Every structure is written in C-alpha cells, then in structure tokens.
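Reader: Could you take me through this model in questions and answers, giving the cut-offs as each term comes up?

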Amino acid sequence: MSVRRFERAPVRNTFGVDARAGLLIETDHADDLPGLFAGELAGTSPQASELLILGGGSNLLIVEAPAVALHLDSQRIEVLDAQNGIVRADAGVEWHRFVMWTLEHGFAGLENLALIPGTVGASPIQNIGAYGVEVGERIHAVDVFERISGAFQRFDAQACGFAYRDSMFKHAPDRWLVTAVEFKLAPSLETAALKLDYAGIRDELASMGIATPDARDVAEAVTGLRRRKLPDPAVVGNAGSFFKNPIVPVAQADALKAEHATLPIFPGNNAATRKLSAAWLIDACGWKGHRGGGSGDAGVSDKHALVLVNHGRATGAELLTLARDISASVHARFGVAIEPEPRIVGARW
Ligand code: FAD
Ligand code: EPU
C-alpha cells in the first residue's frame with residue numbers, strides 16, 4: 001500500500017509560512033489516484049480550494065491552509081528513445097536532480113533551467129523559465145489525471161498552451177494532476193545548440209575559464225549566477241520572483257523608456273508588446289530591503305527587489321498585504337499593473 005496519510009500536517013512551502021492541512025495524503029504511484037478520487041476525495045471540488053495539489057511548495061503563498069493537500073511522490077526516470085532524446089520523468093522527481101541526471105546521461109536542453117526549485121510535476125504548470133529557456137520548448141508531452149472525468153489523459157506540448165509563466169493548467173488549478181512529463185532533448189552533449197545570450201552567462205563562463213562550453217558548463221554557470229543573485233530559501237524564506245514581469249503595449253514601453261532610460265525592456269509575447277523588468281520598477285519605488293508587517297518579518301530581499309522574503313514569523317496574510325502595497329505603489333508611480341507569480345492559497349489577489 002503506497003498511500004500515506006498525515007493529519008494536521010505541515011504544508012511544506014519555501015516561504016516558511018506556518019500552515020497545516022487537515023489531512024496530507026502522499027502516494028508514490030499515480031495508479032492510486034482513481035481510487036482516491038472515487039473514494040475519500042470524491043467530494044472535493046476543483047473550483048473550491050478544498051484540495052491543494054502540492055509539489056515542493058516553492059511557488060506557493062499560503063494565506064489559509066487547505067483542508068487536504070495531495071502530493072504525488074513518484075520517482076521514475078526513463079529514457080524512452082535515446083536516439084531522439086525522449087526522456088520521461090515522474091511528477092515527484094526533484095527538478096534540479098532531473099536536470100543533472102539528463103546531463104550525466106548525455107542529454108542536453110535543460111541546462112539553462114538548472115537549480116530551479118520544485119518538482120518535475122510542477123514544471124509545466126507555470127512553464128518554468130530562466131536564462132533564455134522556457135520548459136515548454138523542451139516538453140514533448142504531459143501525462144495527467146483529470147479529476148472531473150476521473151481519467152488519465154495525455155497532452156502534447158501544443159495543447160498545453162504554454163506562454164510566459166503560463167499554461168492551460170495554471171488557469172484551472174488542481175483540475176489536472178500532472179503524473180509525468182516527457183521531454184524532447186538533444187541526444188548528444190557534443191552537438192547540442194547552446195543558449196548563451198541571456199545577460200551574465202558568457203561572462204560567468206569566461207570567469208570559469210571556459211572558452212568552448214558544453215551543456216554541463218552552462219548548467220554550472222547558471223547555478224553560480226543563481227546562487228549569487230537570489231536568496232536561498234534554506235536561509236531566508238522566499239518563493240523566487242513574487243511578481244511576473246509585466247507585458248505592456250509597445251507605446252507604453254516606449255513612453256516609460258523615454259522617461260526612465262535605465263528601465264530594462266525585453267521582447268513581449270508578440271511584435272505589439274514588450275516585457276518590462278518588475279524588479280526595476282519595484283526597486284525604483286524604494287522597496288528593496290524593506291521589512292515590516294505585524295511580525296516585522298515580512299520583507300523584500302536586499303539582494304533582489306522582485307523577491308519577497310519571510311525573515312521568520314511572517315504570516316501568509318502579512319506577505320499578501322505587503323505584495324498588494326508594492327503593486328499599488330508601482331501602479332501609482334508608473335501606471336503599470338504587476339501580477340503575482342506564485343499561487344496564492346486561501347485568498348484572492
Ligand atoms: P508547488 O509550489 O508545490 O506548486 C506550484 C503550483 O503547481 C501549484 O498551483 C500546485 O497546485 C501545482 N502543482 C504542483 N505539482 C503539481 C502536479 N503534480 N500536478 C498538478 N499541479 C501541480 N520559477 C521559474 O519559472 N523560474 C525560476 O527561475 C524560478 N526560480 C525560483 C527561485 C527560488 C529561490 C524559488 C523559491 C522559486 C523559484 N521559481 C522559479 C518558482 C518555482 O521554483 C517553480 O514554480 C516550480 O515549478 C514550483 O514547483 P513546486 O514543485 O515547488 O510546486
Ligand atoms: N533589477 C533591478 N533591481 C534588482 C534586481 C534586478 O533593477 O534588485 C533589474 C536589473 O536591471 C536586471 C533586471 O532587473 O538586469 C532583470 O533581473 P534578472 O536578470 O534577475 O531577471 P528577472 O527579470 O528579475 C527573471 C525571472 C526569474 C529568472 C531570471 C533569470 C520572472 C518573473 N523572473 O527574473 O525567475 O530566474 O529572470 O532568467 O520572469 C521566478 O520565476 O521565480 C524566477 C526567479
């Protein structure tokens with residue numbers, strides 16, 4: 001029997017917010033899901049947040065704990081087609097471990113996504129991205145269990161609706177439980193095309209003394225950059241970037257740039273839009289290093305203005321209030337709406 005049940009169990013979250021679910025259910029096997037949803041989880045509606053599908057808790061702000069949390073802890077990794085670079089990993093596999101496994105086994109393509117916290121199962125939910133690569137570009141198919149029909153389904157990458165920090169899954173939280181993800185990778189480290197253009201990668205490789213890098217070197221460079229730029233959740237609670245970089249019409253981006261020459265601007269979703277740096281907007285409003293809330297422990301990292309931090313005793317509600325204050329100040333000063341990236345559990349944005 002692979003199903004484990006824990007009453008009044010802590011809901012793990014890298015913010016370090018104290019939250020307990022009435023019941024935490026863990027299973028190592030996706031095959032247990034139909035039975036669970038036909039039985040004790042039958043009444044839980046995907047609309048109400050009665051049940052939270054929990055991965056590693058690295059993209060959650062828990063304001064009110066869910067009644068039930070469900071964690072799929074399956075751990076297989078399999079090469080399905082070595083020649084074509086098709087590799088499949090179960091939902092419970094830790095993301096960074098999987099990235100390093102692919103590189104050790106001669107598959108390239110995920111190196112720019114090294115050291116992102118969390119699980120394989122959560123990777124398609126917000127289409128994780130970093131250093132010029134989004135995981136949707138490397139996904140072949142996503143296997144899910146769908147709660148409404150109670151059936152296993154499979155979506156190819158096209159059907160997942162991947163966009164910047166977005167997918168079809170993100171719009172219906174907890175409806176589809178990702179059971180495994182299949183990736184299409186480059187089958188050889190020697191011939192893989194590398195993505196080195198994101199700011200900092202080439203300089204980092206140069207400082208490592210590497211002139212002709214392979215994918216493993218890129219993973220090491222990205223790891224070094226991330227360790228320096230972002231606060232470590234093991235040291236201070238955080239969920240990475242708290243806000244998405246806002247996408248605005250070209251005319252609005254041009255007008256802001258004319259007034260603020262140092263504002264970083266990146267390509268948007270299409271020719272009519274641009275992406276602005278939320279970190280720069282928040283920094284300009286003076287939030288970096290801020291600390292407050294009732295506990296005095298809800299703050300903004302002094303390393304990176306886009307990262308909200310919990311210095312110890314901050315509650316989810318305090319962090320949410322801080323996030324709303326930051327968003328309101330950015331809107332008042334620049335006329336730009338910034339939206340949270342993590343899932344807010346038990347409250348509305
Ligand atoms: P959780 O936080 O547990 O859940 C996130 C969402 O996915 C929830 O809605 C949850 O219900 C859902 N979910 C989880 N597992 C499943 C499943 N099996 N099936 C269906 N739904 C599921 N993100 C980036 O994109 N790029 C970055 O560079 C990045 N850097 C980060 C740095 C730090 C220090 C931290 C703390 C976070 C960072 N993140 C980044 C955010 C986070 O790592 C990702 O969103 C990650 O994919 C979350 O995985 P998780 O397993 O922790 O998911
Ligand atoms: N900046 C500031 N102040 C700061 C930090 C940054 O002004 O305190 C400016 C700098 O000018 C910098 C620019 O913001 O050039 C961009 O900063 P960075 O390269 O750190 O990227 P980001 O846009 O802040 C995004 C992702 C990260 C991802 C990195 C690297 C989003 C919301 N965030 O951050 O993802 O790791 O790029 O690709 O898209 C996450 O999603 O949790 C996350 C950490």
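Author: A polar contact here is a pair of N or O atoms within 3.5 Å; within protein, one must be able to donate a hydrogen and the other to accept it, and residues adjacent in sequence count only if both atoms are side-chain atoms. This is a predicted model, in which local features need pLDDT of at least 70 and side-chain atom pairs count only at pLDDT 80 or more, whereas totals for chains, interfaces and linings use all residues. Residues are numbered from 1 along each chain as its sequence is written, chains are lettered from A and ligands numbered from 1 in the order in which they are written, and side-chain values use heavy atoms, with hydrogens and water left out.

Reader: Which residue has a polar side-chain atom 2.8 Å from an oxygen atom of ligand 2?

Author: Ligand 2 is surrounded by 22 residues, a residue being near a molecule if one of its heavy atoms lies within 4 Å of it. Polar contacts to oxygen atoms of ligand 2 include one at 3.0 Å from an N or O atom in the side chain of Ser 277 and one at 2.9 Å from a backbone N or O atom of Ala 305. The polar side-chain atom at 2.8 Å from an oxygen atom of this ligand belongs to Lys 288.

Reader: Which residue lies over the face of Tyr 164?

Author: Tyr 164 is listed among the closest residues to ligand 2. A charge sits over a ring if NZ of Lys or CZ of Arg is within 6 Å of the ring centre and within 35 degrees of the ring normal. At 3.8 Å from the ring centre of Tyr 164, the residue over its face is Lys 275.

Reader: In the sheet that contains β14, β15 and β16, which strands stand at the edges?

Author: Strands are DSSP runs (E, at least two residues), helices are runs of H or I with at least four residues, both numbered from the N terminus, and two strands pair if DSSP finds at least two bridges between them. This open sheet has the order β14-β16-β15 with antiparallel pairing. Because each has a single partner strand, leaving one side without a neighbour in the sheet, the edge strands are β14 (247–249) and β15 (265–267).

Reader: Which residue of β16 stands opposite Phe 266?

Author: β15 and β16 form a hairpin with five residues between them, and they pair in the antiparallel sense over three bridges. On the other pairing, between β14 and β16 (residues 273–276), Ile 247 also has Lys 275 opposite. The residue opposite Phe 266 is Lys 275.

Reader: At about what angle does helix α5 run to β14?

Author: Axes are lines fitted to C-alpha atoms, for helices over the stretch in contact (heavy atoms within 4.5 Å), and angles run from 0 to 180 degrees between N-to-C directions. Helix α5 (residues 250–259) lies across β14, β15 and β16, and its angle to β14 is about 95°.

Reader: How far is a backbone N or O atom of Ile 53 from an oxygen atom of ligand 1?

Author: Ile 53 stands opposite Leu 70 in β5, where β3 and β5 (residues 68–72) pair in the parallel sense over three bridges. Around ligand 1 there are 32 residues, with Ile 53 among the closest, and a polar backbone atom of Gly 57 is 2.8 Å from an oxygen atom of this ligand. For the backbone N or O atom of Ile 53, the distance to an oxygen atom of ligand 1 is 2.6 Å.
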